[in-house]
Amino acid sequence: MSYKKRKIVNKLMLTISVFTFLIGAFFLFWILGDVFLKGARYINWRMFIEVPKPPGVPGGGIGNALVGTFILTILASIIGVPIGIMVGVYVNEYGRGKLAWWTKFLTEVLTSFPTIIIGVFVYIILVVPMKSFSALAGGIALGIIMLPIIAKSADEAIKMVPISLREAAYALGIPKWKTILRVVIPSASGGIITGIMIGIARVMGETAPLLFTSLNNVYWSVSLTKPIGSLTVTIFNYATSPYDDWRNMAYASAFILVLLVLFLNIIARLYAGKRRK
Amino acid sequence: MDKIRVENLNAWFGSMQVLKNINVSLKEKKISAIIGPSGCGKTTLLRCFNRLHELVPGARVEGKIFLDNTNIYEKEVDPVMVRRRIGMVFQRPNLFNHMSIYDNVIAGYLLNNTKLSKERKDEIVERSLRLAGIWEEVKNRLRDYPSALSGGQQQRVCIARALAVEPEVLLMDEPTSALDPISTYRIEETIRELKEEVTIIIVTHNMQQAARVSDETIFMYMGEIIEVGSTSQIFTNPKQKLTEDYITGKFG
């Protein structure tokens, strides 16, 4: 191929890749812009400390839903983070052969598992016997969703820790479990923390599994055995309502949720970038 | 006085045998060098002394290695305990990057949760860094992270880290192969000074280095020991043709 021809092909490919990037970026910014334009102006400080009011009544907020999302995320993290890290440790440090392979494979499957089915599953094993929707059930459902995300990032981060560091610890007479706890996991902490943040951002945006588990609560609640409000279910209810003021509230809530998730993602990226240096 | 005695040692990676019927004794408080061409099994032999070889997936060892008079491959011997008595310095510096230089030196205690007083820690850190010949260079930056040091400095901190737990034997796997001549010179000086303290076994690619630092030399070829003798004898008057060919550079 001549020099001229190569240059043309190069230009062409570059144009195509920039174009495809623009398509992706276009929709992202459209959504962000739409949510911002329609949501930002309805945001006020009372929103954060009040509970929803009936349609037509001025004021009202999503304070309960913010607290709910916070509690659900904490519950999910309590389940997802430690188990996820342990799975990552297992497949790298202990798992040999078939069981480790299956663990990895099933983790992949779980990552792309429809979350609504996880919701139905928790509904059957927890909500039905307890005869009540509950924050606990919601937290567990989100925990199951979070688990494979963290397991995968922990697996990848631990894989990056060079063998030579483990051998350095072994050669000093450090037992394997202490080496994992005090050398391998700290060395992989950058990747693990990034994974945790992405996992949190992911479950904060889940709606479907919550409809079967924590449902919704328009009052203040911190009880784990009662239904609890959340940003996503609140958005779902408001956005599908026929009342204008509720729909505006949905946009405002969506804007807050997008900001939260975006913020977590950016922190995760910055953190990962810093660690790589 | 023999510190280590190897009897009928065989080692494999999967189905490939890398050590064949090794029998050798190593003298206490002497420096023994293991030389030989790439792939001759010298690093594997070294890694058998502290039971590191068996940690590689698929690797296997058979035979006996006596440390003083205990066979370290006996069933009831805990490899962790063996490694506390036999320290190791690797080919490339492998300090713990998430720990300060100070903490790296006492990592053997720290990671094992051994409680030490502040004074005792300071004492161990200074003594070990002095032994490794790097105290003057790092004494004002002990709280820095290892990434702030050059490769040669890092390698000497690795030596300090290995010495801090007061091992009886120090294994060195081509400790200068990744370093420049000045760092190499410093580390060789360190090795010579350490002879008073510990038994040293050094694997090296560099024959001049073996000649410079060691008292005894072991020549290996294709997983077997060809010749063992005092360094001066091996380098001036080798008994085997193969040894002579190797040290005169006919192959290698």
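## Helices and strands of chain B

Chain B holds eleven helices and ten strands. Keep in mind that this is a predicted model.

How big is the chain overall? Its C-alpha trace spans about 55 × 45 × 35 Å along the principal axes. For 252 residues, a compact globule would have a radius of gyration near 18 Å, and chain B comes out at 18 Å, so the two agree. Of those 252 residues, 47% count as buried. Now look at the contacts in chain B between residues at least 6 apart in sequence: 67% of them join residues at least 24 apart.

## The open sheet

Try tracing the sheet in chain B. Six strands make it up, in the order β6-β7-β8-β3-β9-β10, and the sheet is open with mixed pairing. At the edges you'll find β6 and β10 (224–230) of chain B, each with a single partner strand, so one side of each has no neighbour in the sheet. From one strand to the next, the twist averages 20°.

In general, strands of a sheet pair through backbone hydrogen bonds, either parallel or antiparallel. Here's one pair to check for yourself: β3 (residues 31–35) and β9 (residues 216–221) of chain B run parallel and are joined by four bridges. Within this chain, B:I35 has B:F219 in β9(B) as its bridge partner.

## A helix across the strands

Which strands does helix α1 of chain B lie across? Helix α1 (residues 42–49) lies across β3, β6, β7 (169–173), β8 (199–203) and β9 of chain B. Compared with the direction of β8(B), the helix runs at about 150°.

## Where chains A and B touch

The contact between the chains takes 20 residues from chain B and 17 residues from chain A. On the chain B side, α2 (79–85), β6 (86–89) and α4 (107–110) each supply at least two residues. The top contributor on that side is α2(B), with three residues.

What kinds of residues does chain B bring to the side that touches chain A? They divide into ten nonpolar, seven polar and three charged. Strand β6 of chain B is worth a second look, since you've now met β6 both at an edge of the sheet and on the side that touches chain A.

## Two domains in chain A

Chain A is divided into domain 1 (3–42) and domain 2 (46–276). Their C-alpha centres lie 30 Å apart. The contact between the two takes seven residues from domain 1 of chain A and seven residues from domain 2 of chain A. On the domain 1 side, those residues split into five nonpolar, one polar and one charged.

Key
Residues are numbered from 1 along each chain as its sequence is written. Chains are lettered from A and ligands numbered from 1 in the order in which they are written. This is a predicted model: local features need pLDDT of at least 70, side-chain atom pairs count only at pLDDT 80 or more; totals for chains, interfaces and linings use all residues. Ala, Val, Leu, Ile, Met, Phe, Trp, Tyr, Cys and Pro count as nonpolar, Asp, Glu, Lys and Arg as charged, and the others, Gly among them, as polar. Two strands pair if DSSP finds at least two bridges between them. Axes are lines fitted to C-alpha atoms, for helices over the stretch in contact, and angles run from 0 to 180 degrees between N-to-C directions. The radius of gyration is taken over C-alpha atoms; the globule rule is 2.2 Å times the number of residues to the power 0.38. A residue is buried if 20 or more other C-beta atoms lie within 10 Å of its own, exposed if 12 or fewer, and partly exposed in between; C-beta atoms are placed from the backbone. Domain bounds come from an automatic or database domain assignment.
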